[in-house]
Amino acid sequence: MTIDSTTLTQAPVAGPTPEPILRTARIVRLPRSPKVIAGLVILAVFGVVAIIGRWISPYSPNQTDPQNWVQHVLVPGTGPGTGFPANYYPLPFPPSSAHWLGTTVFAQDVLSQVLASTQATLFVGLLAAAIATCLSILFGVSAGYFGGGTDEVLSLVSNVFLAIPGLPLLIVLADYVPTAGSSIFLVAIIIAVTAWAYSSRVLRAQTLSLRNRDFVEAARVSGEGRIRIIVVELLPNLIPIVAASFLFTTLYAIYAYVAIAFLGLGGSPTSSPPGLWNWGEMLREGFANNAIRGGWWWWWAPPGLCVALLGTGLALLNFGIDEFINPRLRAAGLTRRAAKKAGIVSRAKLGMTPVAAHHAQAVSRSQAGITASREVGPEPVLEIRGLCVDYGYGEEAVHAVVDCDLVLRRGRVLGLAGESGSGKTTLALAAIRLLRSPAVITDGQVLFHSKPVGGEGPSGTIDMLAADADTLRAVRWSEISVVLQSSMNALNPVISIGAQFDDMLRVHRPHLSRTARHEMSGAMLELVGINPDRLRSYAHELSGGMRQRAMIAMALALEPQVMILDEPTTALDVVTQREILEELIGLRDRLGFAALFITHDLSLLVEIADEIAVMYAGRLMERAPAAALFNAPRLPYTHGLIHCFPPMHGQRSRMDGIPGSPPDLRALPKGCAFNPRCAWALDQCRHDVPHLAPLNGSAREVACWLHRGDAKVPAELARPDPVIVAERGSVAPPGNLARPPHEVGR
Amino acid sequence: MSANVPVLEGRDLTKYFWVKQGRGPLARRVPVHAVDRVSVRLDAGKVTALVGESGAGKTTVARLLARIIKPDKGDVLLAGRPAPSGRPRSYAAQVQMVFQDPFASLNPVHQVRHHLVRPLQIHHMANGNVDAAVADLLRRVALKPPGNFTGKFPHELSGGQRQRVAIARALAVRPRVLIADEPVSMLDVSIRLGVLNLLADLRDKEQLALLYVTHDIASARYLADTIVVMYAGQLVETAPSASLTDKPAHPYTQLLLSAAPDPDRAQPPHLEGRGAPPSLSAPPSGCRFHPRCPFAMDICKRQVPPSIALDTNHIAACWLHVDPAERQANENGQVLTAGQPLDNESKKR
Amino acid sequence: MRALLRRLGVYVLAAWVAITVSFLLPRVVPGNPVAGAVARASQSGNCNSQCVIAVEEQLGYNTHTSVWEQYVSYIGNLAHGDLGHSWSENAPVGSLILSYLPWTLGLLVIATTVSFVAGTAIGVLMAWRRGSWFEFVLPVATFFQALPYFFLALVLVLIFGQTGTLLKWFPSLFGYDIYAVTPGANLPYVQSVLSHAILPAVTVILASVAGFILAMRNQMVTTMDEDFVVVAEAKGLRARTVIWYAARNALLPVISNFTIAISLVVAGQILVEIVFNYPGIGFHLFDALGKLDYSLVQGIFVVITLIVLAANLLADVVYVMIDPRARQAA
């Protein structure tokens, strides 16, 4: 049970923080884990013993000395004075310097037998596993690769073998093949026959998922032959799984060999033809000759412990491979020691991002920025000050978010734009402390100024980073709700939509009756255009758009003051995306929540956001009213980003995008992170990190040296701010940007 | 070669899939009408974009043209001649493909060099000097200097670099046709244009015939000479790209355009034809768009619309563009036999 | 339903293959298996002349029918519930197995249930409390998982068993006290049965629980990274609701891997019964092997196969019940 098909078939996906920077950090680290080292050491010891056992063995395993190696005890009621001839029974010696593991009742040396047994047991285990692995590769990989009828037949065969209980079949087989006991090859083959099916199923599932991976398709497209595709392209990717199933099968085979030997089917060294010494045979002899009742533990305990120890070694190694295949298993929780080292207050608790003890230090530093932008718009509802988030601790920490200030105002839509890995999701989720370790909030402050809409829920200013679990729980969803990108995975697949509504309502609105909760859920679904009958449905029964709508309905059910929308429409088709955006804006107008809208699609953001903040490499780089940012960007990066979206009208002309690649957070360039891709980079940009600062009194801020000091601002970055006509959204574009409204017609 | 013969052409391609429903040990299979009588032509030195929502059958058409899968009906013609059955290397040498996900299309256990060397070896393209050929390929996709890339594993490259390697691999055999299936949708916004421009350069310099599959109509307009719009497995409109985006003739194309993000838009768009694409295991009769179409007529429910040429090279499959009289005649002809099916149809709803 | 029927088909096929293999093997093995077997058995004094005749008859020697005819009549008899005649007990195999079965099934059901419930619960807790002291369960569980059942049984007998030498707390031989109580509906007998079941049950539980712990822990850790669990936390649900969300999903693959788990538990229990002389089918299988009572061996094998297949079917039904996606397809 150390490997299981489901963990193996799932492609490793980074969890709630889809930061590809961290995903690519997955390098082969197999040998470093203490588990793997322990496993390797154990296996190595047994391997060495198996090879040199016969030379270091003090005696031959069959050597017996009935005179000196057992104690002779007079049978009571015999001997002198009883009238019966003296009769003695043998009593084995416990461990001593002459016999390190004592002797058996047959006056044999236990240590020598253990040493001799190691070889046969290990040999059978490895041989059986090798045969079984070959069989499972043959069956599993060809079933998975060829599919269709081949797959049907081969899968049926392995399913049938999987369903037949292995050991009983083994017992019957071994019993009917009387010569099996003396031929360890035969034993290994018989064990392999009963052991291959499970690995075969695992390999088939994995091959099936690999076969549809693009690189296999690509090899096929380039004209590669079948055999080469399997051997050169597929098999190397299957190595970890083959290794895992090989170890698992070895464990099973050793176990099975010991078991049938214990049953006396493994061939005894004393029978004819003689079998080999093995651990199971030793256990059988001990058990059959009253070693338990006699208390002669040294006779049967060593072989048993050997099985357990070898098994543990194999299992530990397997654990390492499992963690390699499925990195989620490895990303261990925050250990106390690591937490202490990093100075983290909160105990590692799920659903509560740990916060470093000395946070809130940078707040005073960033105070200036806040006051500057405090003048415009309605009162703030969520204030983020100087927030810093790391993944990992100490030396290995990746600074995903650095010193970010953000103010979300009541009833406004704040757009957060940036490419993957820019830290936009991390920033938003850290603010409500939803990130898992190894994410750590190392600095900053998040203030939530709560004025519950319905009067229920906590009010007043809440320090999110200092809040305890109960406060957070009360704030979450009721006041701040979240919609994630992948609606597919955001709904619990095995619970109906209605039940998920109900669970949430029961917690936050405990006074509501069951009927009231049901009615409320139905009404919320109707609000987003879903038939309330759908409360009975499960996630898989809804289309992608419907699932996302259901999530939005759920997120709005408690009339939150803030909604965090993390790429809510990215996975959807354009039409559905547009419909959902319309609904969101309509609902925002009706319900008055503030929204933090995260997306990589700046062109979309311009249409719906009041204000836009642009992130790059973990820092906020520019913040401005949406129209101003799009029509008159001040930051070279923003300027480049805007020109990455081909227009829908007008002359088609060549556009150049931004040269270079997005930065690697683990190896950021010195100075401004954008400088290697920036056409206007100054000398200063290569040395000093620019900080976000207001731009000569306007409502916009930018982190760029071009706008500081005496630098000449390029014309592209100095266009006049557009004139804001209405409160929000609609803008009179200056100059040549005015284009006739697009006409849809026949 | 005559300009009238397309390099690669798909005629009336039709494909069904058997899709597993449910999961775990308990699953069954149902047929899905993925692609229905789709015809596409690719010309040398031109980019044809195939646009549609997910599930519209774009990728299936691409894979049919690349002959990764076989059509259930219809033909693939290479330079006017039926493509050989199976997928011989001679076909691979002329038609190549670039996949959507650069994280998946390169084998994680092999270096960049392996990915480029294999096609060179298979098709004997290297002329003895493999390393020079590899370096040349990397240079063609602007991965310079090549020496920095040959020894790298895919996970050491950024998304854009990977996609360039994938394109280089496709170019290795000096194909005449390149089929690019959503080549930029998985890439970061800032590097998408770079890859699109690379494709445009290949079209211009090497006279490649390119099929650009995408869901992003703005990028199709940017790159393609011709845009083909698909809906629910069928073609709905084909036109030169400017003509299609400026004067869309099919209600679905209009819907698609009005939904696309457009920062220059003064007013929020008005969507005509909300809703979701139909299930392809039981597609609607007649025009597959009719349940959503704001202009749907009776005939749309019953008869598959004909392809109407509105302009040079501008073709739409829509009854709205059929002369009313002709439409009536068609309808009358159909009513005699189709009365019964219509009733069934209405009962189903 | 159709999919479940398909699974049933696989199991019927599996049963048929198992039965056929166990029938054919002794008949197609080259050489004379009887001679070797009899030689082995008479060495230990387990096989007398009566035994030899029975073995030959059972394995189809000295009979004048073809293997095919023997096979047809064997399958026909099986279908009527006739598993043959045991020479050593001089009784029909079917009724013998029926008398052994309650012991085995009782032990199996109780031990597996306890082990599954406790194992998954501990696995869930381990995943939930990652980084805490609970993590130390991991190496311990790994060690226990690698312990052979019968070795653990021996250790427990030594420490706690009355036939051992240390604490002598619990009886460790037979299914009840065969000297002091009479089987039937009387209190002493029930008490005796229960106290005799303690050590075997504890052995099976201890040896099998580690597998469930590790499987569930790994699944839980993987599932807890899923978006819906993050969303459950974002919803401010109580911790136990969040755990339940994750656990119910993590349980699915564990249940679909129940096949291999139950096979291992059954195999282990056979050996445990032998150590404790526990009167279930495992112990009698061992007994029959020694006495070359092939009818009984084969009958027990068929019954064990059926038990395992039934457990598989049960797991499939449970899976369908808790996974709406499978329910829809079923």
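The following paragraphs describe the fold of chain A, its contact with chain C and the confidence of chain B in a predicted model.

Residues are numbered from 1 along each chain as its sequence is written, while chains are lettered from A and ligands numbered from 1 in the order in which they are written. Since the model is predicted, local features need pLDDT of at least 70 and side-chain atom pairs count only at pLDDT 80 or more, whereas totals for chains, interfaces and linings use all residues.

Chain A holds 24 helices and 16 strands; helices (H or I, at least four residues) and strands (E, at least two) are DSSP runs, numbered from the N terminus. Of the 746 residues in chain A, 56% are buried. A residue is called buried if 20 or more other C-beta atoms lie within 10 Å of its own, exposed if 12 or fewer, and partly exposed in between, with C-beta atoms placed from the backbone. Contacts, for which the C-beta atoms of two residues (placed from the backbone) lie within 7 Å, often span the chain: among those in chain A with a separation of 6 or more, 67% link residues 24 or more positions apart.

It is convenient to begin with the antiparallel sheet. Four strands of chain A form this open sheet in the order 4-3-6-7, where two strands pair if DSSP finds at least two bridges between them. Strand 4 (398–409) and strand 7 (460–463) of chain A are the edges, each pairing on one side only. From one strand to the next, the twist averages 5°; axes are lines fitted to C-alpha atoms, for helices over the stretch in contact, and angles run from 0 to 180 degrees between N-to-C directions. Strand 3 (residues 380–391) of chain A is joined to strand 4 of chain A by eight bridges, and Leu382(A) has Leu408(A) as its bridge partner. Across strand 3, strand 4 and strand 6 (439–450) of chain A lies helix 15 (residues 424–431), running at about 115° to strand 3. Leu387(A) has contacts beyond four places in sequence that include Val401(A), Leu427(A), Ala430(A), Ile441(A) and Val446(A).

A second open sheet in chain A has eight strands in the order 8-9-10-5-11-12-14-13, with mixed pairing. Its edges are strand 8 (480–483) and strand 13 (693–694) of chain A. Strand 8 of chain A runs parallel to strand 9 (residues 562–566) of chain A, and four bridges join them; here Val482(A) stands opposite Ile564(A). Helix 20 (residues 544–556) of chain A packs on this sheet, touching strand 8 and strand 9, and its direction makes about 175° with that of strand 8.

Why is strand 5 (residues 413–417) of chain A largely enclosed by the rest of the structure? Five of the five residues of strand 5 of chain A are buried, so the strand is largely enclosed. Val413(A), Gly415(A) and Ala417(A) point one way from strand 5, and Leu414(A) and Leu416(A) point the other way. Strand 5 of chain A runs parallel to strand 10 (residues 594–599) of chain A, with five bridges, and to strand 11 (residues 611–616) of chain A, with four bridges. Ala417(A) stands opposite Thr599(A) in strand 10 and opposite Val614(A) in strand 11.

Ile432(A) sits in the loop between helix 15 and strand 6 of chain A. Ile432(A) is buried because 26 other C-beta atoms lie within 10 Å. Beyond four places in sequence, Ile432(A) touches Met464(A), Arg476(A), Ile480(A) and Ile564(A).

The largest nonpolar core, a set of buried Ala, Val, Leu, Ile, Met, Phe, Trp, Tyr and Cys residues joined through C-beta atoms within 7 Å, has 434 residues. Those touching the most other members are Ala128(A), Ile191(A), Leu387(A), Leu596(A), Phe597(A), Tyr212(B) and Leu154(C). Helix 9 (residues 226–262) of chain A gives the largest share of this core, 21 residues.

The contact between chain C and chain A takes 78 residues from chain C and 80 residues from chain A. On the chain C side, helix 1 (residues 2–28) of chain C provides the largest share, nine residues.

Finally, chain B averages a pLDDT of 85, and 91% of its residues score at least 70; pLDDT is the predictor's confidence in each residue, from 0 to 100. Over residues 334–349 of chain B, pLDDT stays under 50, and the model has six contacts beyond four places in sequence for this stretch.
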